[in-house]
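Subject: Structure handover

Hi,

Here is the structure for you to look over. My notes follow below it.

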2 protein chains.
Amino acid sequence: MKNLVLGIDIGGTNTVFGLVDKSGHIVYKEEISTFGQEPVINLLNRLKEKIDVFLKINSDLDLIGIGVGAPNGNYYTGVIQDPPNMSWGDVNIVSMLTEKFACHVKLTNDANAAALGEKKYGRAKNMNDFVTITLGTGLGSGIFTGGVVLYGHDSTAGELGHLSIDQNGRDCNCGLKGCLEMYVSANGIKQTVLNFQNKYPDDLFLSSLDPNYIDGKLIDMAVDSGTESAKRIYEYTGEKLGFGLAQAASILCPEAYIFYGGFSQAGERLLRPTRIAFEKYLMHNLRGNIEIIQSGLPQGQAGILGAASIIDNF
Amino acid sequence: MKNLVLGIDIGGTNTVFGLVDKSGHIVYKEEISTFGQEPVINLLNRLKEKIDVFLKINSDLDLIGIGVGAPNGNYYTGVIQDPPNMSWGDVNIVSMLTEKFACHVKLTNDANAAALGEKKYGRAKNMNDFVTITLGTGLGSGIFTGGVVLYGHDSTAGELGHLSIDQNGRDCNCGLKGCLEMYVSANGIKQTVLNFQNKYPDDLFLSSLDPNYIDGKLIDMAVDSGTESAKRIYEYTGEKLGFGLAQAASILCPEAYIFYGGFSQAGERLLRPTRIAFEKYLMHNLRGNIEIIQSGLPQGQAGILGAASIIDNF
């Protein structure tokens, strides 16, 4: 028998899951709609059916554990706590899955799952202190210190997206002001584009952007063809990101910041201005010592590998 | 024989050291001048002489280890790295003391030593995630996460004093702007008093203060007798401190912030406005869950107990 772990990455729209072997190879992978407005059992039933069919055909495979990454997933309690964009309230997904699959189940939040995946399979294999940053609709972060995930007192640590970089800055959905994710994320860049459109009404490229649907690839292409106003979007974003990362570095002193998610595809277009600002705002004894790099995990597999990584000793 | 650990707390002006037994009782304590402009061996020779005399008289006592807390003390390398206000450069104090005393020696920075002492002997005995803040000339911090000190990649983590709370704020000695310690420390309050003196030139209490020698007790007494401008100093300081602690909480989610050092003697006069600001700037899911309290260690013993705590299994 070959032992496998099921990694489940629950997102607001879709849930991706896959069976992972010891070497990090995904032997089976599926993506289904989360249907967050339906009861969670609906999702779990559909998922169980898919896994059962696959394991029936492949009788040499044995499921020994399940790792779940989900927004607001609490590592200590096994409860997904009132996740945004879903009507689930508090759901003890660990006990539900344990009952359904009769194996070891563990939960963490999606950002910590990304950090665990990077540690086990990605660019942080030899690092004990690093931070993964997921750039999507918002900005998520997972933190390793001293070789373990930093969970904090109640498993809610590591919310770099809600580090305020300006006490009087942009209003955040969380009720605070100046949160980093209001500058560095799809939502943040949308706001920046709106501001730039007001400031430079005659700019052709800026006028061509629909702030209600920011497509990172459009900005990337414009940067590559030398459009100054497109570069300025990433310079502004990188300046804010670099300042925020420098503040977190004064507390955590990591070896690297590692970037994931849709907007991290901008790559060096965003990371170069980020590094310049980061070094400028960093304490002098830390300068030149902290890397800012992209994830080493294949896009689309990071969520599964991260969730699967929660299962220890595998 | 009764086993003892020597705790040494090296400060810019004075060095305090003491022999500590297993229960945290200090059986012998001394304070000598550091003489930071002399070679470090001068300090170590004077210290060794005192300890030798004491141990000779008390032949039932056995020195089994030495813990040192010092500014810029590097836990990993055993080197005090170019400490401020001393002309030592880089000093490998661990190897020097090991040679001198022929026992197990460990080093950490003074702020981490405070955190270790609070964990072993103070109010953090049952906490795994907490931050100690030392308010003196500057603002130092020691961080526990998951039951261990957060050292970061190269032992320089936990510099909450250099978290910038305002990108365009007060110039800090470190070359950055808006560092928390430029608002919350003796140096910070000095600047605040100067600003307030300019803003309210007719205020009798403010005029009576000498900004070059800020005495916390004078401000405390004025607050206790109802002087509004004295209260305003702590309200302003607490507002800045509360904002900074809220930012660190979004990353660390500690159970408590624990205050030490000269200016922490202000106690509730400073901590009450700090709590109000802290709760205001905190993510809503953390509100009401993080304590802001004073150290449980006796003033004057914290440094020795903290340094002694570095020696494990004692």
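Two residues count as in contact if their C-beta atoms, placed from the backbone, lie within 7 Å. Keep that cut-off in mind for the contact counts. One caveat: this is a predicted model.

**Between the chains**

By that cut-off, 37 residues of chain A are in contact with 37 residues of chain B. On the chain A side, helix α7 gives the most, with six residues. That helix covers residues 228–252. By class, the side of chain A that touches chain B has 17 nonpolar residues, 15 polar and five charged.

How do the two copies meet? Through the same surface, because 100% of the interface residues of chain A are also interface residues in chain B.

**Symmetry**

In general, a rotation about an axis and a shift along it relate two copies of a chain. Here the rotation is 180° and the shift along the axis is 0.0 Å. Chain A then superposes on chain B with an RMSD of 0.1 Å. This is therefore the relation of a two-fold axis. Which C-alpha of chain A is nearest the axis? That of A:Asp166, at 3.3 Å from it.

**Chain A overall**

Chain A holds nine helices and 12 strands. Its C-alpha trace spans about 60 × 45 × 35 Å along the principal axes. The radius of gyration of chain A is 20 Å. A compact globule of 314 residues would come out near 20 Å, so the value agrees.

Of the 314 residues in chain A, 53% count as buried. Now take the contacts in chain A with a separation of 6 or more: 62% of them join residues 24 or more positions apart.

**Domains of chain A**

The domain assignment splits chain A in two. Domain 1 is written in two pieces, 2–118 and 300–309. Domain 2 runs over 126–294. Taken over C-alpha atoms, the centres of domain 1 and domain 2 of chain A are 28 Å apart.

How many residues does each domain of chain A put into the contact between them? Domain 1 of chain A gives 11 and domain 2 of chain A gives 14. On the domain 1 side, helix α3 of chain A (residues 110–121) gives the most, with seven residues. By class, that side of domain 1 of chain A has seven nonpolar, two polar and two charged residues.

Best wishes

Notes
Residues numbered from 1 in each chain as written. Chains lettered and ligands numbered in written order. Predicted model: local features only at pLDDT ≥ 70, side-chain atom pairs only at ≥ 80, totals over all residues. Domains from an automatic or database assignment. Helix = DSSP H or I, 4+ residues; strand = E, 2+ residues; numbered from the N terminus. Nonpolar A, V, L, I, M, F, W, Y, C, P; charged D, E, K, R; others polar. Rg over C-alpha atoms; globule rule 2.2 N^0.38 Å. Buried ≥ 20, exposed ≤ 12 C-beta atoms within 10 Å, placed from the backbone. Least-squares fit on C-alpha atoms with pLDDT ≥ 70 in both.
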